[in-house]
Amino acid sequence: MLRNREIRLVFLVMCTISLALLVVATFFSLASVILVLLTSMLLIGCSLLFTRLRYQEIEKLSGYVRRISSGDYTFDVRDNREGELSILKNTIYKVTVMLSEQSALLHKDKIHLTEAISDISHQLKAPLTSMMVMADLVEDTNLPEAKRKEFTRNIRIQLERLDWLVSTLLKLSKIDADAVPFKKDQVMVAGLIEKALQPVLIPIDIKEQTVSIMGEDSVSFLGDLNWTTEALINILKNAVEHTQEGGTIEISFSENPLFTEIMITDNGKGIPKEELPFIFKRFYKGKGAGEGSSGIGLSMAHSIITKQNGVIDVQSDVHKGTEFRIRFYKQVF
């Protein structure tokens, strides 16, 4: 304790004052000298004792802070007594809790990043391996021209799939990093549905599926037309893929004072109940997923919708169909 400069200074001042009082007391009586001496010793002793107790508390806090810096967030330093030191302890505890939560989040993000890199590598490895095999076959001079054209066409298909995968993963990364400036335009739902249906009209026609649209032309919400179209395209692709030939897809939309709702319903093969909690998880592919499924379409749709103050839910029964319900709320609650 005495190694602290401020303590030595206080001790010196108190001793100087006591010595001065002793000098003054010598001009009176011996009893005065003894009284001043005892009083001075008592005051100095009490002051040193109090200061020592305070510095012991500070030393404990210093050790606590060192434990925090080494990554140990388990120590509870809270103090329910009054005083500045107790306030300091409680403040340090609050900071410790925040650091602990951030450390847990960072650990979770690290695990997620590791899993994401592994999944991305797996997604890219399959088409790359396929193209390498076909490229080797194409180099064979004895390969028939028909086969050469078939392999070349397959290589082009795989390249297009790779391009889509990389593009989609980049979009997802931007959304996750809040680097996408979602617009707040008045989006007319009827126009949104029409735009989202364009990319899936050919597969719908090939499978001879029926699409019905129900809703008022005046229904709208505040959002980003292009990004919301991207989300609906992925949901519609999922509906078309998992609905049998000759099946039906129903799209309905409505509006009330609280939210704008879009429902996409099909009578396809449905989703097992045990898979429903995971269908929006990135890279998740259910048992009924197609061979070319990447497991990121619905994940991106979920991210786009939730970033625009919306929610998306799904209900499904095996062999009966699936219903996606999207709601864009008019204000944040």
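User: Which residues of β6 are on the covered face, and which on the uncovered one?

Analyst: This is a predicted model. In it, the covered face of β6 holds Gly 310, Ile 312, Val 314 and Ser 316. The uncovered face holds Val 311, Asp 313, Gln 315 and Asp 317. In a regular strand the side chains alternate between the two faces of the sheet.

User: Which strand does β6 pair with, and in what sense?

Analyst: β6 pairs with β7 in the antiparallel sense, over eight bridges. Val 311 of β6 stands opposite Arg 327 in β7. The two strands form a hairpin with three residues between them. His 319, in that turn, has a positive phi of about 70°.

User: What is the strand order in the sheet?

Analyst: The order is β2-β4-β5-β7-β6, in an open sheet of five strands with mixed pairing. β2 (210–214) and β6 (310–317) stand at the edges with a single partner strand each, so one side of each has no neighbour in the sheet. From one strand to the next, the twist averages 10°.

User: And the β2 end, is that parallel or antiparallel?

Analyst: β2 and β4 (residues 248–255) run parallel and are joined by five bridges. Ile 213 stands opposite Ile 251 in β4.

User: Which helices lie on the sheet?

Analyst: Helix α5 (residues 189–197) lies across β2, β4 and β5 (259–266), and runs at about 155° to β4. Helix α8 (residues 297–306) also packs on the sheet, where it touches β6 and β7 (321–329). The direction of α8 makes about 140° with that of β6.

User: Switching to α4. How many residues does it have, and what distance does it reach?

Analyst: Helix α4 (residues 145–176) has 32 residues and reaches 46 Å from its first C-alpha to its last. That is close to the 46 Å expected at 1.5 Å a residue. Just after α4, Asp 178 takes a positive phi of about 55°.

User: Which α4 residues are buried?

Analyst: They are Phe 151, Ile 155, Gln 158, Leu 162, Leu 165, Thr 168, Leu 169, Leu 172 and Ile 175.

User: What does α4 meet in α8?

Analyst: From α4, the residues are Thr 168, Lys 171, Leu 172, Ile 175 and Asp 176. They meet Ser 299, Met 300, Ser 303 and Ile 304 in α8.

User: What's the geometry there?

Analyst: α4 and α8 pack at an angle of about 30°, with their axes 10 Å apart. The two helices are therefore roughly parallel to each other. Their crossing is left-handed.

User: And α7, at what angle does α4 cross that one?

Analyst: The axes of α4 and helix α7 (residues 225–241) cross at roughly 125° and come within 13 Å. That angle makes α4 oblique to α7. α4 passes α7 in a left-handed crossing.

User: Which residues meet there?

Analyst: Trp 164, Lys 171 and Ile 175 in α4 meet Trp 227, Glu 230, Asn 234 and Lys 237 in α7. Lys 171 and Ile 175 are also among the α4 residues that meet α8.

User: Last one, the whole chain. How many helices and strands, and what share of residues is buried?

Analyst: The protein chain has eight helices and seven strands. Of its 333 residues, 32% count as buried. Among contacts with a separation of 6 or more, 69% come from residues 24 or more positions apart.

Key:
Residues are numbered from 1 along each chain as its sequence is written. This is a predicted model: local features need pLDDT of at least 70, side-chain atom pairs count only at pLDDT 80 or more; totals for chains, interfaces and linings use all residues. Side-chain values use heavy atoms; hydrogens and water are left out. Two strands pair if DSSP finds at least two bridges between them. Helices (H or I, at least four residues) and strands (E, at least two) are DSSP runs, numbered from the N terminus. Axes are lines fitted to C-alpha atoms, for helices over the stretch in contact, and angles run from 0 to 180 degrees between N-to-C directions. Contact means heavy atoms within 4.5 Å. The expected span of a helix is 1.5 Å times one less than its number of residues. Buried means under 20% relative accessible area, exposed over 50%, partly exposed in between (1.4 Å probe, protein chains only). Angles under 35 degrees count as roughly parallel, over 145 as roughly antiparallel, 65 to 115 as roughly perpendicular and the rest as oblique. A crossing is left-handed if the near helix is turned anticlockwise from the far one by less than a right angle, and right-handed if clockwise.
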